[in-house]
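Subject: Structure handover

Hello,

Here is the structure I promised to pass on. Please open it alongside this message.

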Amino acid sequence: MDVITTTVDARGQSCPGPLVTLYRALKDVRQGDLLELLCTDPGARSDVPSWAKLSGNELVEATEDDGLLRYVIRKARA
Amino acid sequence: MSTGTATDTTELKELIDQALAEREDGINKKNKITIIAWDGHLDRVWPTLILSTTAAASGMEVSVFFTFWGLFALVRPEKRTTGREWMTKALSVLNPGALKRAKLSRYNFAGMGPWMLGKVAEDYKTPHPTELLEMARDMGVRLIPCQMTMDLMGVKKEDLIDGLEEPIGAATALLEMKESAIQLFI
């Protein structure tokens, strides 16, 4: 199950763009699946973990490389 | 480890009551946010819609109650005037109307402010409120017009954009707020 099934590219978008794009993509993902979010919005550093807390989805991984933020999320709800 | 004194019992009872009250609060409140959108200015409606779409993206139930000047954010862009007679019509002309024409609450400078803000937002790829309103609607945010404002200002249902909830009154708005974990007046 630990294979990333979807990559969401929200690079260049800013608040609330990345989260709305993520939300839309999450609809097509099955429960328990892993999804990868790529973005460049500095606000995402605090917002993606907050979103995970609010929505109940699990933030599995958060990495940053030269301004490119990458988050791995496990979908919790159906 | 109770020593069995009266003070201990009272303290314990207080703690239990407090815990019960807190639990009840949790049960009564849904994972929901209700925003009263009272102001129609661009710099007020914008954060309202950012919060709404973000809450919806976080799996929260979202209701936005558009009242007084806020109602005009829901007016169809092609509809420049609304109203019943000369006074309500004049008010609708004085008021910029539809979100597309919304002014800033400060630094408006005859439209230079909103234009510059719009330009900066575009470059920064922050969606404009007109776009956010559509996004919100698509994401299931309940956009609710205020019945009283519609009657008072002579705004008809056909003056408003499609996809809105049925207009409601103050009591229903209060009910929406009461069952929400978060309530805001913007």
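Below is what I found, taken chain by chain and then at the contact between the chains.

One caution before the details: this is a predicted model.

**Chain A: the strands**

Start with strand E4 of chain A, residues 68-74. Its side chains alternate. A:Leu69, A:Tyr71 and A:Ile73 point to one face and are buried. A:Leu68, A:Arg70, A:Val72 and A:Arg74 point to the other face and are not buried. That is the usual pattern: in a regular strand, side chains alternate between the two faces of the sheet.

E4(A) pairs with strand E2 of chain A, residues 34-39. The pairing is antiparallel and runs over six bridges. A:Cys39 has A:Leu69 in E4(A) as its bridge partner. A:Leu69 is also one of the buried side chains of that strand.

E4(A) pairs with strand E3 of chain A as well, residues 58-65. Again the sense is antiparallel, here over seven bridges. A:Glu58 stands opposite A:Arg74 in E4(A). E3(A) and E4(A) form a hairpin, with two residues between them. In the turn, A:Asp66 has a positive phi of about 55°.

**A closer look at A:Thr5**

A:Thr5 is found in strand E1 of chain A, residues 4-10. Is A:Thr5 buried or exposed? Neither: A:Thr5 has 14 C-beta neighbours inside 10 Å, so A:Thr5 counts as partly exposed. Buried would take 20 or more, and exposed 12 or fewer.

Which residues does A:Thr5 touch, not counting those up to four places away in sequence? They are A:Val29, A:Asp33, A:Leu34 and A:Leu35. A:Leu34 lies 29 residues from A:Thr5 along the chain, yet their C-alpha atoms are separated by 6.0 Å.

**Chain B: overall**

Chain B has seven helices and four strands. From the N terminus on, the elements run α-β-α-β-α-α-α-β-α-α-β. The radius of gyration of chain B is 22 Å, whereas a compact globule of 186 residues would have one near 16 Å. The C-alpha atoms fill a box of roughly 75 × 40 × 30 Å, taken along the principal axes. Of the 186 residues, 34% count as buried. Among the contacts in chain B with a separation of 6 or more, 72% come from residues 24 or more positions apart.

**Chain B: the sheet**

The four strands form an open sheet in the order E3-E2-E1-E4 (chain B), with parallel pairing. Strand E3 (142-145) and strand E4 (180-185) of chain B stand at the edges. Each has a single partner strand, so one side of each is left without a neighbour in the sheet. The twist averages 15° from one strand to the next.

Strand E1 (residues 30-37) and strand E2 (residues 61-66) of chain B pair in the parallel sense over six bridges. B:Ala37 has B:Phe66 in E2(B) as its bridge partner. Helix H2 of chain B, residues 42-57, packs on the sheet and touches E1 and E2 of chain B. The direction of H2(B) makes about 165° with that of E1(B).

**Where the chains meet**

The contact takes 15 residues from chain A and 12 residues from chain B. On the chain B side, H2(B) gives the most, with four residues. By class, that side has six nonpolar, five polar and one charged residues.

On chain A, look at helix H1, residues 17-26. Seven of its 10 residues are buried. They are A:Gly17, A:Pro18, A:Leu19, A:Val20, A:Leu22, A:Tyr23 and A:Leu26. What covers them comes from both chains. Chain A supplies cover including E1, E2 and helix H2 (44-55). Chain B supplies cover including H2 and helix H5 (129-138).

H1(A) and H2(B) pack at an angle of about 30°, with their axes 9 Å apart. The crossing is left-handed. A:Leu19, A:Val20, A:Leu22 and A:Tyr23 in H1(A) meet B:Thr53, B:Thr54 and B:Ala57 in H2(B). The residues of this contact divide into five nonpolar, two polar and no charged.

Best wishes

Conventions:
Residues numbered from 1 in each chain as written. Chains lettered and ligands numbered in written order. Predicted model: local features only at pLDDT ≥ 70, side-chain atom pairs only at ≥ 80, totals over all residues. Pairing = 2+ DSSP bridges. Rg over C-alpha atoms; globule rule 2.2 N^0.38 Å. Contact = placed C-beta atoms within 7 Å. Axes fitted to C-alpha atoms, helices over the stretch in contact; angles between N-to-C directions. Nonpolar A, V, L, I, M, F, W, Y, C, P; charged D, E, K, R; others polar. Left-handed = near helix turned anticlockwise from the far one by under 90°.
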